[in-house]
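User: Hi! I am new to reading structures, and I would like to know how such labels are justified. Could you walk me through one?

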Amino acid sequence: MKAGGGSMALRYDPQSAEPKWRAEWDKISLFKAKSPAQAGDAPKAYVLEMFPYPSGRLHVGHVRNYAMGDVVARHKRAKGYNVLHPMGWDAFGMPAENAAMEHNTHPGKWTYQNIAAMKKQFMKLGLSLDWSREFATCDPDYYGEQQRLFLKFMDKGLVYQKKAKVNWDPVDNTVLANEQVIDGKGWRSGAEVEQRDLVQWFFRITDYAEDLLSEVQKLERWPEKVRTMQANWIGRSEGLQMRFEWAGEAPQGHETGVEIFTTRPDTLYGASFVALSPDHPLTIEWAESREDLQAFRAECAKVGTSEADIEKAEKIGFDTGLRVKHPFIDGETLPVWVANFVLMGYGTGAIFACPAHDQRDFDFARKYDLPILPVVKPSGEEADEAWVSSGQGADMDAAYTGPGTAMQSGFLDGKSVDEAKSEAIAKIADAGLGERTVNYRLRDWGVSRQRYWGCPIPVIHCEGCGIVPVPIADLPVKLPEAVSFDRPGNPLFHHPTWKDVDCPTCAKPAQRETDTLDTFNDSSWYFARFASVDDPAERAYWLPVDQYVGGVEHAVLHLLYARFFTRAMRDVGELDLPSGEPFAGLFTQGMVTHATFKSDNGRWLQPSEVEQKPNHWIETATGENVTMGDIVKMSKSKKNTVDPDEIIATFGADAARWFVLSDSPPERDVEWTQSGAEGSARFVQRVWGVFNALSDAPRDDAPMEGEATVALRRASHQLAQAVDTAIEEFRFNSAIASIHEWTSVLKKAEQGDDDLIAARFEGASMLARCLTPFMPHLAEECWALIGGEGLVSAAAWPVVDAGLLVEDNVTLPIQVNGKRRAEISVAKTATKDEIEALALAQSAIASFLDGKDIKKVIVVPGRIVNIVAS
RNA sequence: GCCUGUGUGGCGGAAUUGGUAGACGCGCGGGAUUCAAAAUCCCGUUCUCUUAUGAGAGUGUCGGUUCGAUUCCGACCACAGGUACCA
C-alpha cells in the first residue's frame, strides 16, 4: 500500500488473518474432544447449542446462538475442562417437501445441498466446534437407531395407537400442519379446512407427568421462566371425578351417568348445567340418530385443531334435552348440553358448569340464558351486600374466581374454598358417586405424521398377525429414493411398491406403516448420539449436557419431549443417566430482529437493497421511496434477513460475533443494525492498535510498583474479574462493556510514563485471553504481537490477583430525604459514627438542612448515607 | 382466550442483595491531526428551566410499601414468544 510519510498502513486485515488462524487450530485438532481416558483429571464440560434446521443459509440469528455457545465452550476450555462442543443438522421436516413440490427437487438432495452450503458458512465463524461427530438426522444410520429405540419403547408399552384429530384439506385430500391453515383455509387449495379423525401413534408421555413435573423444579441451572412454563404445560390439578346420574331415562350403554372432572367441587351448589365435548362418545352416538346434533358437530369441526383457535372461537352449545340429577339437592335436575369449549382431551371430556365462578361457563350461560348462581362470597371488603343477596347473579358482569367462603351451599356454608372442596369430595365419595383424582393438562405425545421426509415408523400391518414390529436386523427401514411429489398427500402412501412387504411373522403379504415420526423425535436424543455413536460408557461420561443454549421458543415442547425421551431410553436400558435429565444447564437466548422495508408498490425489500436518506428510505437501484415497517424476527418471507457472509466479507467474522453479543443481554431480542456492525469493526482495529503499540516496545523487567503502575494493574485485574463473572453468568454484553473499558484504559496508558510498560504488557496479555472467547482470530493476532506463547485459544485463563481487587477508599453518596446532594470519600474501614459525622459536616449538605430538624441518619457502610429531615 | 416474558435518553442497553438512574456502545455536536479528505485520537451529550452556579422532573400508566423503589406489592396498557402437525 502506498502511504505518505513512509509510515506503514497500520491496519489489521481480518480477511487474511482469520483463515490463517483457523488453519492453525485445525492443524492440531484443537477443538476435538478428548476421550475419557485421554482427559485424565480434567473435568468434562458438554457445551451444546440447539442444532440448526438446514434451511439453506445461515442468518444472523444463528450467528448469535452459536457465538454464545462458543464463548462458553472456549471459556471452559481455557479453564482446563475437557470440552465437547459438537455440531450437526436437524434435517427432517416440512420445508424440504415444500421445496420438492415447488422446485421439483428431491427433499434429500435439497437438504444435503443446504447442509453443505451452511457448513461452509459455519466454518468462517471461527467456532471451536468438534466436527468429527457431525451427522444429519436424515442419515439412515441415525434414523435407523431411532427406529430401534421406537421398538424398544413399544416393547415397554410406551407406544400405542388411537384416533386423533388432524386438519384435513378436502380439496388436496391431505393433512395440514397448523401453520398451513390460514384463517381456517388450506394454504394451497384455499379450501375450508375440517377436523378429521385419524388412527395415529402415541407415546405415553403422561406416564411420566408426575416425574417430569417434580424434577423440573430441581433444575437449578434452568431459567425460572422455563421451569414455570413446563410446570404450567404439564398442568397438574387435583380435583374430583364424579358422575351425574340421569334424571329420567338413561341412554343405552351409559346407564351409570355422565362422568365429569372438576377442580371446583366446592361450587357444586352453583351448578347450572352439565356440558359434554362435541367429541364425547355420548355426543357421537346421539349424533348418529339426530341430524340437528350432527350439524352442530360439523359446525364445531370447522374450527382448527389448535388450542388458540378453539379457545378464541365463539362459544356455541346444543341442548340435548336430557337432564341429570343434582348430587346434593334432592329433586333438582340440570340440563345436559354439548358445548364446543369442552375439550375431549382434558379430564373426561365432560364438565359441570358453575357460571358464577368460571368465566367460560359464565360467557356460555349469558349467551344461552342459563342460571348464574353465586355460591362463593368473596373474602375481605370486596363482598357487596347487594351482589350477595341477589342470588341469581343477574348483576354480575364477570365470574368471581378468587378466594372466599361458601354460601347458599347447604352443608358447605361458611367454609373456605379449600375446606369446601375437601368436604364436597368426601360427600360425593360417601355417596359412591366419585372420588378425588389428579388430572394433568399434558396429553400423550402424538408422533404420527402423514409425510415423506421423516423417520419411517418401523412397523408392519398384517391382516393375520396385526401390528408386527420390523425385526431389528431389518433396520433401518429406509425411505424410498424414487418418490413423486406431483400430487398432494403422503408420498409413502402413494408409492407403488414401498409399502409392500412380507409379514415377518407369517410371511404372508403385508403392508408397511406409511406414517413417519414427528421431527421432535429427531431432536430428542441427538445430544446422546453426539456423546457417542454407540458406546454407552462414553455417553455416560459426557451426559448430561452441562450447558445447553437455544431459542426461548423451544422452552416447552422440544425440552419436554427430550426430557421424556431420555427417561424412556433410561427405562428400556439404553441410557445410563439416573436422573433422566438431559440438560443440567440451560440458557434461552432472544432472537435477532431487523426492520422490514416495503416499496410503494408493496414489494418487500432486503436491507441491502435500501439506503437511508435524511428523512426517509429509498431503494438504491431505483431511487424509489421505501417505507420502513415493523422490526420483527428475521424471516425469509419478509426479506429482513441479513446474511452473515456479507458481514464477514465486509467486517470479518470477529466483528460479526462481537456485534451480536454486544449491547443486548443474551436472553433478549437484538436488532441488527448496519451502524452497529461498523462500530464493531472499528473496535477490532482499536484493540489491534493497542497491541500493535506494544509489539516493538522493549520488554521491561522494571519492578511492578509505583502509584500509576498499581492503578493500571488494579484496573486490569478488576476488569479481568468482571469479564470472568459476566461470562459465567451469561452477561456477555456486560463482559463486552468491560473489554471496551479495558481497551480504553490501556490506550490511555500509552500516554503515560515508560515505567508503565510492564503493567501494560501484563494487562494486554490478560486482555488477549479474555478476548479469545469473543473474537478468537483477533485474539490470536494480538497474542502473537506481544509474543504470547503458543496459541491463545489453547492458553489458560488469566489468574486474577485478589489482593489487587481491594480498594482502600470508597465513595459514598449523601442523600437528604432520599435525594443525592453530595458525596464523600471514606476509608473502607470507617465506622457508622465516623461516616455520619463526616457526612453532617459537609458544607454542601448544610444548605439543605437549613431550618430543618434531623429526624434520622441512615448509614449503610459502603453504600449510602441518607439524612431524614423535616 | 390461556401460559411465560419484556417495557429505562435520539437509539441498543447498564445498575451483584431495595442504596449515586443512564456504565459501555451507536448516533449526534465540538476539537486535534491533515493542503484536503478518509482513518485515528480527545472532549461533550436524559429532559426542562437557568448567564454561570444551580434547580426541578424522570425507568410503559395509575396506585401502594419504605428513610430510600428501575428493583418489592396491586391494578392496567402495549409488545414479543409458546399454545401440542413450523422448527
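Analyst: Happy to! A residue is near a molecule or strand if one of its heavy atoms lies within 4 Å of it. By that rule 63 residues surround RNA strand B, and N178, E307, R449, R451 and N866 come nearest. This is a predicted model: local features need pLDDT of at least 70, side-chain atom pairs count only at pLDDT 80 or more, and totals for chains, interfaces and linings use all residues. Residues are numbered from 1 along each chain, chains are lettered from A, and side-chain values use heavy atoms, without hydrogens and water.

User: What makes R686 a polar contact of RNA strand B?

Analyst: A polar contact is a pair of N or O atoms within 3.5 Å. A polar side-chain atom of R686 lies 2.7 Å from a phosphate oxygen of the strand, so the pair fits the definition. R682 offers another case, with a side-chain N or O atom 3.1 Å from a phosphate oxygen.

User: Why is C138 in no disulfide?

Analyst: A disulfide is a pair of cysteine sulfur atoms within 2.5 Å. The closest cysteine sulfur to that of C138 belongs to C455 and is 11 Å away, so it is too far for a bond. A search of the whole structure finds zero disulfides.

User: How do you know whether C138 is buried or exposed?

Analyst: Buried means under 20% relative accessible area, exposed over 50%, and partly exposed in between (1.4 Å probe, protein chains only). C138 has 4%, so it is buried. C455, at 0%, counts as buried too.

Notes: Polar contact = N/O pair within 3.5 Å; in protein donor to acceptor, adjacent residues only side chain to side chain.
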